[in-house]
Amino acid sequence: MPDTAKAASNMRHGGQILADQLRIHGCDTAFCVAGESYLELLDALYDHDDFNLFTCRNETGAANAAEAYGKLTGKPGVVMVTRGPGACHGVIGLHTAHQDSTPLIMLIGQVARDQFDREAFQEIDYRRMLGQVTKWTAQIETADRIPEYLARAFQTATSGRPGPVALALPEDMLREFSSTPDAVPFSTVRAAPSPAGVDGVMDMLGKAKRPLMIVGGGGWTQAAADDIEAFAKANDLPVACSFRRLDIMDHMGQNFVGDLSTAPAPKLLQLVKDADLLLVVGARLGEITTQGYEMLESPKPSKQFIHVHALAEEIGRVYQPDLGIQSGMAEFAAAAKAKAPLKNPAWAALRKQARADFEEWVNPAPADGPLDLGKCMLAIRERMQPDSIVTVDAGNFSGWAMRYMQFQQLGTFAAPTSGAMGYAVPAAVGASLAYPEKLVIGFVGDGGFMMTSQELATAKQYGGKPVILVFDNGMYGTIRAHQAKRHPGRPMAIDLQNPDFEALIKAFGGHGETVRTTEEFGPALDRAIASGLPSVVCIKMDPNIISTTTTLEKMEAAAVAAGAK
């Protein structure tokens, strides 16, 4: 017979059950834009004094902030949005989390169950809408099953290849009472490499003359990063990071030789081409990392290729490896570290040369003009601590951050491999709210800044103090660069008329600076950091300075010489 007294004492409405499950699974932080479709959840969280719920100004900002939280902490970021338009605004955060392998859970208010399939006010079937940008999308149609769905959501978001999950919450379901028992805290599931698989890695490495390891992807912990670095150091292997995975390796360590991004060092690309074995750990080998899928032959690369990935379906997806290993990052790194190191003097020479090339690449040469961005990057590096956090938006300006910023530990760098503009500001806000004791610097272009700058109001409201560097060249620089290559002399739809960014942040109650020269930058950055407020340092750029290596004028001249339109 059921214990009716116990069941009655556990009677709660769906909002209360959901709030309790969040706490059971270790969630104490979420980002949201409030909506009437999930009022019972909001009301239930009122009783959880230890829960931090940050109200944002747009669901895009809320989702990006939650994604950055998941990326930097390794815990699932949680975002709450209302039905219809709220969910649509938040989809970009799901897409970023999907491509970046970030654990993220989106809770979406939904119309009442008796209104399904009537095109009710703001009704969308999220299981159809979000299928390609999540690992799992579901709708909870009875309060009895809330613990089951939440447990699966946390486990799915964190297990294997991490990623986003979306759960739709019919508003009447959240009002429904149930005595359903709570779940137990979720437990992440990851594969481990077989002993034969790790032995196979060492055997193939032992036969290589010019090996290179590439690390990337999601699911890393600091212990895993430390172990893979120890493995590389013991074997004198050069290591590169995949696109926008810069904080996996310590840049001060002598094994790190650069990253494979949108504009990688030419000598690093040559290192990849000359390698006779690639050991790829965690990275998917996507479009950017492989330079448009041209770095390796598909489907079977001509060089020896080992692919370690958390998702079995990713191994062989584009490139067929000579050895494929499904494994979590921590599990593989620990197993590799435990193997007796190989001694090959040729590898030491290879690694030393690659490291020297990297150090040359990140040492900026003097630039002409009043504003030397390379020197500005050095000024930022001088002010950063090992635990300082950098967020970077999409755009050509990001080349300065990607090339010259240096990282020493995991969880200090957040940038969208999805190439989503408008990411860096809410990501920096989320990082600053999660880690109020750390210096957080966001890099963003003027175009991306205007997409999500309103989230600086969120930072001010809750005591966040990110420092946002706005690279202001009055245009969508990446598109202008593409036009220079393909349609020289015919710029179209790229000019921007911007507000006074210094005045804008002051209107939010923050601190603002505008710099036009190298000499102005360092003192302005110091004042922004010292203010203890959300800050903007607007860097007025020459539009001709389009990247760390060239100008628009040179790009257009080259395109004309090559016969472009």
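## Close-up views of a predicted model

**View 1. Strand 9 and strand 12 run parallel and are joined by 5 bridges.** The structure shown is a predicted model. Strand 9 covers residues 211-215, and strand 12 covers residues 277-281. Find Ile 214 to see the pairing: Ile 214 stands opposite Val 280 in strand 12. Strand 12 also pairs with strand 13 (residues 304-309). That pairing is parallel too, and runs over 5 bridges. Here Leu 279 has Ile 306 of strand 13 as its bridge partner.

**View 2. Strand 12 is mostly covered.** Of its 5 residues, 5 are buried. Leu 277, Leu 279 and Val 281 point one way from the strand. Leu 278 and Val 280 point the other way. In a regular strand, side chains alternate between the two faces of the sheet.

**View 3. Helix 11 (residues 266-274) has a buried side and a face turned away from it.** The buried residues are Leu 268, Leu 269, Leu 271 and Val 272. Why do they lie on the same side of helix 11? They cover an arc of only 155° around the axis, and this puts them on the same side. The face turned away carries the exposed residues Pro 266 and Lys 273. The buried residues pack against strand 9, strand 10 (239-241), strand 11 (256-259) and strand 12. They also pack against helix 13 (345-361).

**View 4. Six strands form an open sheet with parallel pairing.** Follow the order 3-2-4-5-7-6 across the sheet. Strand 3 (52-55) and strand 6 stand at the edges. Each has a single partner strand, so one side of each has no neighbour in the sheet. From one strand to the next, the twist averages 20°.

**View 5. At one edge, strand 3 pairs with strand 2 (residues 29-32).** The two strands are parallel and share 4 bridges. Phe 31 stands opposite Phe 54 in strand 3.

**View 6. At the other edge, strand 6 (residues 136-139) is covered on both faces.** Trp 136 and Ala 138 lie on one side. Thr 137 and Gln 139 lie on the other. Are these residues buried or exposed? All four are buried. Strand 6 runs parallel to strand 7 (residues 164-170), and 4 bridges join the two. Thr 137 stands opposite Ala 166 in strand 7.

**View 7. Helix 4 lies across strand 2, strand 4 (77-81) and strand 5 (104-110).** The helix runs at about 165° to strand 4. Helix 4 spans residues 59-73, and Lys 71 is part of it. Lys 71 counts as buried because its relative accessible area is 17%, under the cut-off of 20%. Which residues does Lys 71 touch, not counting those up to four places away in sequence? They are Asp 100, Thr 102, Arg 245, Phe 413, Ala 414, Ala 415, Pro 416 and Tyr 423.

**View 8. Helix 10 (residues 222-235) packs with helix 12 (residues 329-337).** The angle is about 30°, and the axes are 8 Å apart. The crossing is left-handed. Helix 10 contributes Ala 224, Asp 227, Ile 228, Ala 230 and Phe 231 to the contact. Helix 12 contributes Met 329, Ala 330, Phe 332, Ala 333, Ala 334, Ala 336 and Lys 337. The contact residues divide into 10 nonpolar, no polar and 2 charged.

Conventions
Residues numbered from 1 in each chain as written. Predicted model: local features only at pLDDT ≥ 70, side-chain atom pairs only at ≥ 80, totals over all residues. Heavy atoms only, no water. Buried < 20%, exposed > 50% of the residue type's maximum accessible area, 1.4 Å probe, protein only. Contact = heavy atoms within 4.5 Å. Axes fitted to C-alpha atoms, helices over the stretch in contact; angles between N-to-C directions. Left-handed = near helix turned anticlockwise from the far one by under 90°. Nonpolar A, V, L, I, M, F, W, Y, C, P; charged D, E, K, R; others polar. Arc of directions from axis to C-beta. Pairing = 2+ DSSP bridges.
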